[in-house]
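Visitor: Could you take me through one part of this protein slowly? I'm in my first year, so please explain the terms as you use them.

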Amino acid sequence: TSLRFSLSEAAAVTLSVHDIDGRRLATLIEGERFGPGEQRLNWEGGDDAGRDLPSGLYLLRLEAGRGWDSQKLILLR
């Protein structure tokens, strides 16, 4: 799965995947600094232990600088 996000300015980024109850399942980026503009990241659909997550609804949370955003993500296998 290709994930994209855009930053208006350089910032330290944390990007994580959570279940619908808010539990963090995977940390894709933690505290890495990115410049402004569109960024891309490939995610294989696994959790932090390397197990494949089942098809379902997940929340993708992006923290950048002092702000954050959350989006729904449907994983289909």
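Guide: Here is a close look at strand E2 and what surrounds it, starting with a little background.

This is a predicted model, where local features need pLDDT of at least 70, side-chain atom pairs count only at pLDDT 80 or more, and totals for chains, interfaces and linings use all residues. Residues are numbered from 1 along each chain as its sequence is written, and side-chain values use heavy atoms, with hydrogens and water left out.

Let's set the scene. The protein chain has 0 helices and 6 strands, so its elements read β-β-β-β-β-β from the N terminus on. Helices (H or I, at least four residues) and strands (E, at least two) are DSSP runs, numbered from the N terminus. The C-alpha atoms fill a box of roughly 35 × 20 × 20 Å, taken along the principal axes. For 77 residues, a compact globule would have a radius of gyration near 11 Å, and the 12 Å of this chain agrees with that. That radius is taken over C-alpha atoms, and the globule rule is 2.2 Å times the number of residues to the power 0.38.

Now for the sheet. An open sheet is formed by 4 strands in the order E3-E2-E5-E6, with antiparallel pairing. E3 and E6 stand at the edges with a single partner strand each, so one side of each is left without a neighbour in the sheet. From one strand to the next, the twist averages 15 degrees; axes here are lines fitted to C-alpha atoms, for helices over the stretch in contact, and angles run from 0 to 180 degrees between N-to-C directions. Strands of a sheet pair through backbone hydrogen bonds, either parallel or antiparallel. Two strands count as paired if DSSP finds at least two bridges between them.

E2 and E5 run antiparallel and are joined by 6 bridges. Along this pairing, valine 17 stands opposite leucine 60 in E5, while serine 16 has arginine 61 in E5 as its bridge partner.

Let's zoom in on serine 16, which lies in strand E2. Serine 16 is buried, with a relative accessible area of 0%. Buried means under 20% relative accessible area, exposed over 50%, and partly exposed in between (1.4 Å probe, protein chains only). The side chain of serine 16 makes a polar contact with the side chain of histidine 18, at 2.8 Å. A polar contact is a pair of N or O atoms within 3.5 Å; within protein, one must be able to donate a hydrogen and the other to accept it, and residues adjacent in sequence count only if both atoms are side-chain atoms. Leaving aside neighbours within four places in sequence, serine 16 is in contact with Arg24, Ala26, Thr27, Leu28, Leu59, Leu60 and Arg61. Contact means heavy atoms within 4.5 Å.

Threonine 14 also has its place in strand E2. Threonine 14 is buried too, with a relative accessible area of 13%. A polar atom of the side chain of threonine 14 lies 3.2 Å from the backbone nitrogen of glycine 31. Leaving aside neighbours within four places in sequence, the contacts of threonine 14 include Ile29, Glu30, Gly31 and Leu62.

Next comes leucine 15. Outside its neighbours within four places in sequence, leucine 15 is in contact with residues including Leu3, Phe5, Leu28, Leu41 and Leu62. In the largest nonpolar core, which has 18 residues, Phe5, Val13, Leu15 and Trp43 touch the most other members. The elements that give two or more residues to this core are strand E1 (2-7), strand E2 (11-18), strand E3 (24-34), strand E5 (56-64) and strand E6 (67-75). A nonpolar core is a set of buried Ala, Val, Leu, Ile, Met, Phe, Trp, Tyr and Cys residues joined through side-chain atoms within 4.5 Å.

Finally, follow E5 onward. E5 and E6 pair in the antiparallel sense over 9 bridges, with glycine 56 opposite leucine 75 in E6, and leucine 57 bridged to isoleucine 74 in E6. Glycine 65 is found in the loop between E5 and E6. That hairpin has 2 residues between the strands, and glycine 65 takes a positive phi near 60 degrees there. Glycine 65 is exposed, with a relative accessible area of 57%. Leaving aside neighbours within four places in sequence, glycine 65 is in contact with Ala11 and Ala12.
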